[in-house]
Amino acid sequence: MHFSTLISNRRSCRSFNESEVQPEQVQAILRAALLAPSSMNRQSWHFIVVDDKTSLAKLSDSKEHGSHFLKDAALAVVVTCNPVENDCWVEDGAIAASFMQLQAEELGLGSCWVQIRGRRISDGTLSSDIVKGILDIPEEQQVLCIVAIGNKHQQLPPHADEDLPWEKVHVDKF
């Protein structure tokens, strides 16, 4: 698949069917994350693969909105980083998560980013603290996001070129 087709076809998928993701697909997705560039090649990210339905259900309640579909995903990858190791941890983790999502799309799988960093539930508890508690993540690790992955319940249409917000692009002429 050409890259331009891949990025046009990739849409956030929040509805998954019951089919399992094959181990070789999981391996390819994690390989893509490990190949992602990182600041000074520090590779300070960590990836926690969660496929246990009980844990996925708990993770789906880790924030007020935008995480409920985790319980229906075949698996989720929690992206964590240690800010002491790398001041560009947010950027590095985001690039790795994006690589995972692009690889999932190439494999015909759906994915969706679930923002955790900076989010809270209604009582004020940090979503990252909830995720750390569910998965026993060390205190020094910061949770950036969770990438839900699974087989798409339905195929969404590709992004149309005419819908792109070109008005947000500014070119400085030399």
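Here are three short exercises, with worked solutions, on the predicted model shown above.

**Exercise 1: The nonpolar cores**

Task: Find out how many residues the largest nonpolar core has, and which elements each supply at least two of them.

Solution:
- Step 1. Begin with the count: the largest nonpolar core has 22 residues.
- Step 2. Look for the residues with the most contacts inside this core, which are Val-21, Phe-47, Val-79, Met-100 and Ile-149.
- Step 3. Now turn to the elements. At least two residues of this core come from each of α2 (23-34), β1 (45-50), β2 (75-81), α4 (89-106) and β4 (142-151). The largest share, five residues, is supplied by α4.
- Step 4. Zoom in on Val-21. Setting aside neighbours within four places in sequence, Val-21 is in contact with Val-26, Ala-74, Leu-75, Leu-109, Ile-149, Gly-150 and Asn-151.
- Step 5. Keep looking, and you will find a second, separate core of 18 residues, with Val-50, Leu-59, Val-78 and Ile-116 among them.

**Exercise 2: Two packed helices**

Task: Describe how α2 and α4 pack, and which residues meet.

Solution:
- Step 1. Choose what to report: two packed helices are described by the angle between their axes and the distance between the axes.
- Step 2. Apply this here: α2 and α4 pack at an angle of about 145°, and their axes are 8 Å apart. The crossing of α2 past α4 is right-handed.
- Step 3. List the partners. From α2 come Ala-28, Ile-29, Ala-32 and Ala-33, and they meet Ala-96, Phe-99, Met-100, Gln-103 and Ala-104 of α4.
- Step 4. Sort this contact by class: eight residues are nonpolar, one is polar and none is charged.

**Exercise 3: Ser-128 and Ile-116**

Task: Decide whether Ser-128 is buried or exposed, then do the same for Ile-116.

Solution:
- Step 1. Place the residues. Ser-128 sits in helix α5 (residues 127-135), while Ile-116 belongs to the loop between β3 (109-115) and α5.
- Step 2. Recall the cut-off: buried means under 20% relative accessible area.
- Step 3. Ser-128 has 9% relative accessibility, so Ser-128 counts as buried. Ile-116 has 0%, so Ile-116 counts as buried too.
- Step 4. Check the surroundings. Not counting residues up to four places away in sequence, Ser-128 touches Ile-116 and Val-143. With neighbours within four places left aside, the contacts of Ile-116 include Ser-62, Lys-63, Val-131 and Cys-145.
- Step 5. Compare sequence with space: Ile-116 and Ser-62 are 54 residues apart in sequence, and their C-alpha atoms are 8.1 Å apart.

Note on methods: Residues are numbered from 1 along each chain as its sequence is written. This is a predicted model: local features need pLDDT of at least 70, side-chain atom pairs count only at pLDDT 80 or more; totals for chains, interfaces and linings use all residues. Side-chain values use heavy atoms; hydrogens and water are left out. A nonpolar core is a set of buried Ala, Val, Leu, Ile, Met, Phe, Trp, Tyr and Cys residues joined through side-chain atoms within 4.5 Å. Buried means under 20% relative accessible area, exposed over 50%, partly exposed in between (1.4 Å probe, protein chains only). Helices (H or I, at least four residues) and strands (E, at least two) are DSSP runs, numbered from the N terminus. Contact means heavy atoms within 4.5 Å. Axes are lines fitted to C-alpha atoms, for helices over the stretch in contact, and angles run from 0 to 180 degrees between N-to-C directions. A crossing is left-handed if the near helix is turned anticlockwise from the far one by less than a right angle, and right-handed if clockwise. Ala, Val, Leu, Ile, Met, Phe, Trp, Tyr, Cys and Pro count as nonpolar, Asp, Glu, Lys and Arg as charged, and the others, Gly among them, as polar.
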